Amino acid sequence: MELLIWLIPLLPFIGFLLNVFVIRQERQAGLVASGMVAAAFVITLIAVGFLAGMPPEERRIVSTAWEWINTGSFRVPFAIMFDPLTAVMALLITGVGALIHVYSIGYMHGDPRVVRYFAYLNLFVTMMLFLVMANNLLLLFLGWEGVGLCSFLLIGFWFERKTAGEAAVKAFVVNRIGDAAFILAMLAIFTYFGTLNFYSEDGGGLGFLERVGDIAGLRIGPDWQPIFVSTAISFLLLIGATGKSAQFPLFVWLPDAMAGPTPVSALIHAATMVTGGVYLMARTEPLFVASFTTQGWVAWIGALTALIAGTAAMAQWDIKRVLAYSTVSQLGFMVAACGMGAYVAAIFHLLTHGIFKALLFLAAGSVIHGTHDTQDMRRMGGLKDAMPTTFRTYLIGALALAGIFPLAGFWSKDEILAHAVAHGHTPIFIILFITSLLTAFYMGRQVALIFFGKQRDPGYHPHESPQVMTVPLMVLAVGAVIGGAMNLPVLHWLTDWLEPVLHEEAGEFNLWLALIATLGAVGMGYLGWWIYTTNAAKIKIGGKDPAYRYSGDIWEGMEEAWYLDRLYQRTVVAGFERLADFLARVFDPQGVDGLVMGVGRFFGGLANAMRTFQTGYVRTYALVFTVGVLIVLGFMLWIAR
């Protein structure tokens with residue numbers, strides 16, 4: 001079994017190598033890339049079955065390929081791990097990933113660089129699997145940086161478009177902030193624990209997650225303001241998670257990342273990579289639990305992110321930007337759940353969200369494909385008859401995201417809200433509950449703008465997408481319907497499955513909360529649909545939203561995501577640009593060049609001065625020689641005296 005689990009990340013990597021060095025034909029590239037990820041999914045299912053047959057307390061398979069680093073006391077094996085938490089993440093990555101690969105065969109058909117696209121997509125899946133299967137933080141960081149690289153390559157895949165190149169750079173730079181904090185956290189963990197392994201190896205001592213008690217009460221910093229080591233480490237990990245999972249204030253990169261191909265948005269920026277921060281917090285849960293201070297920060301950052309991004313999603317016109325801000329908002333739910341100690345609920349919502357948000361992005365891609373690259377919802381309308389399969393699957397995804405019973409989003413979102421109520425996190429609950437109502441509203445708005453009314457732009461003829469694109473939509477739609485069965489009340493399958501890792505008891509189902517949340521979601525969803533169907537005539541291409549006349553600057557603030565991105569542009573970005581301009585125009589030519597050229601000018605002047613002594617007359621040289629001899633003799637006589 002140890003050898004078998006290595007095939008899970010290696011098969012997509014083989015697909016990457018084949019597409020880079022061997023394959024040059026579009027159809028072969030798509031089939032090989034899709035087949036490798038699908039095969040990895042099958043092997044993951046086999047490994048999960050084997051894991052389920054083991055006693056719960058022994059459900060962890062560790063396999064070491066080689067000793068990666070061994071210098072002094074710093075020892076890092078190249079080892080992967082397969083435990084219950086890894087298992088559910090690997091199933092999501094390979095299962096949803098395989099469907100997105102198949103969908104891409106139709107969506108990317110005819111692209112001149114499609115082989116490169118599938119190579120990048122396979123490499124991403126490989127790195128994401130290493131991220132979740134790593135047995136130590138350094139190997140996890142390798143996958144962490146690998147998915148960041150692939151994100152950069154895929155966001156900027158259409159690099160001839162200026163917006164795509166800028167979005168790729170923006171995502172790469174913003175994520176470096178979180179990555180720097182992650183590196184500092186690793187240094188601190190090795191300093192205080194002497195290892196980066198999560199758990200013990202045979203004869204290798206305990207992992208740092210098993211020794212969190214060793215630093216209980218240990219403080220660092222000045223006497224007047226000490227800080228617990230557990231707080232410092234967990235807070236650094238939180239910053240790393242904030243960058244990767246697009247939380248406040250580092251979420252500004254994710255909406256712009258929609259400049260890449262839509263399947264990329266579905267796989268990387270909805271279902272997998274952006275959940276890496278949530279996975280990191282769940283994996284290092286003992287460190288976060290040991291710090292009450294950090295837990296509070298986690299909960300509030302998640303809740304505020306959910307609300308800010310939820311309000312921003314309400315005012316967007318671009319079909320993908322609505323879903324992008326929605327993704328940021330739902331990630332806020334997951335992070336808030338971690339902050340409240342509901343790690344199972346966070347993973348549950350991560351899994352269900354990965355299914356129905358991938359469905360929504362792919363369905364949005366089908367809309368874009370069927371409307372000849374139209375993304376502005378003001379140009380859409382009335383597409384439900386021309387694109388019936390896309391409409392039905394999109395509607396299922398929208399209802400799941402809104403939290404409508406009995407779809408998957410209802411169960412996972414309700415579990416987070418119920419935990420907040422049961423454990424007295426009232427302010428967090430209020431923010432998340434309001435956000436859930438806003439979610440239903442903007443999804444009702446989006447469905448109305450895209451599929452109902454009349455087509456507002458007659459410049460294109462909509463058509464349904466080919467089966468290679470619609471079949472993955474139907475499979476994901478089934479997942480969005482039944483996905484909540486993973487952790488139904490009373491059964492608690494996911495809670496029991498993750499218990500050996502997260503050691504969390506099942507929460508109680510709050511019937512009244514579920515009823516109120518469902519009725520609220522239905523009401524707000526209908527309200528959003530009703531407003532934008534009855535006011536369809538007021539929606540003009542390039543015009544303002546009908547709600548703008550009632551809310552004015554508030555609506556504009558939501559459309560601009562409360563100007564956080566503009567604030568960064570005018571302060572951080574503008575500051576760096578001014579600094580770069582100063583260095584280029586003043587410091588470099590007058591400072592660096594001035595110093596270097598000044599040395600040359602000094603020695604040039606010295607040479608000119610010395611040249612005057614070269615007269616060519618022998619009597620002058622004899623005089624200089626005589627004077628030199630007299631000086632030397634005088635100096636020697638002075639010393640002898």
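Trainee: How many of the 15 residues of α16 are buried?

Mentor: Happy to start there, and do keep in mind that this is a predicted model. Helix α16 covers residues 408-422 and reaches 21 Å from its first C-alpha to its last, close to the 21 Å expected at 1.5 Å a residue. The helix is largely enclosed by the rest of the structure, because the buried residues number 13 of the 15.

Trainee: Which residue just after α16 takes a positive phi?

Mentor: Let's look at both sides of this helix. In the loop between α15 (388-402) and α16 sits P406, and a cis peptide bond with omega of about 5° joins F405 to P406. Just after α16, phi is about 75° at G424.

Trainee: What span should helix α3 have at 1.5 Å a residue?

Mentor: Good one to work through. Helix α3 takes in residues 84-107, 24 residues in total, and its end C-alpha atoms are 34 Å apart. Of those 24 residues, 21 are buried, so α3 is largely enclosed by the rest of the structure. The end-to-end distance agrees with the span that 1.5 Å a residue should give, namely 34 Å.

Trainee: Which helix gives the most residues to the largest nonpolar core?

Mentor: That core has 212 residues, and F82, Y394 and L432 touch the most other members. The helix that gives the most to this core does so with 19 residues, and it spans residues 343-370: α14.

Trainee: Which methionine is in contact with Y394, leaving aside its neighbours within four places in sequence?

Mentor: Y394 has contacts on either side of its own place in the chain. Among them are I319, L323, L360, A363 and A364. Others include Q446, V447, I450 and F451, and the methionine is M443.

Trainee: Is A246 buried or exposed?

Mentor: A246 is found in the loop between α7 and α8, and it has a positive phi of about 55° although it is not a glycine. Most residues other than glycine have a negative phi. With a relative accessible area of 0%, under the 20% cut-off, A246 counts as buried.

Trainee: And D373, is that one buried or exposed?

Mentor: D373 is another residue other than glycine with a positive phi, near 65°. Its place is in the loop between α14 and α15. Its relative accessibility is 61%, and the cut-off is over 50%, so D373 counts as exposed.

Trainee: Which residue does a cis peptide bond join to F248?

Mentor: Most peptide bonds are trans. Here omega is about 5° for the cis bond that starts from F248. The partner is found in the loop between α7 (229-244) and α8 (253-256), and it is P249.

Trainee: How many Å apart in space are T293 and L488, C-alpha to C-alpha?

Mentor: T293 lies in helix α12, residues 292-314. At 47% relative accessibility, T293 counts as partly exposed. T293 and L488 are 195 residues apart in sequence, and their C-alpha distance is 32 Å.

Trainee: To finish with the whole protein chain, what share of its residues count as buried?

Mentor: The chain has 24 helices and four strands, and its C-alpha atoms fill a box of roughly 110 × 65 × 60 Å along the principal axes. Among contacts between residues at least 6 apart in sequence, 77% join residues at least 24 apart. About 27400 Å² is exposed, with carbon and sulfur atoms supplying 68% of it. Of the 641 residues, the buried share is 54%.

Conventions. Residues numbered from 1 in each chain as written. Predicted model: local features only at pLDDT ≥ 70, side-chain atom pairs only at ≥ 80, totals over all residues. Heavy atoms only, no water. Helix = DSSP H or I, 4+ residues; strand = E, 2+ residues; numbered from the N terminus. Expected span 1.5 Å × (residues − 1). Buried < 20%, exposed > 50% of the residue type's maximum accessible area, 1.4 Å probe, protein only. Contact = heavy atoms within 4.5 Å. Areas by Shrake-Rupley, 256 points an atom, 1.4 Å probe, with all protein chains shown as cover. Core = buried A, V, L, I, M, F, W, Y, C linked by side-chain atoms within 4.5 Å.
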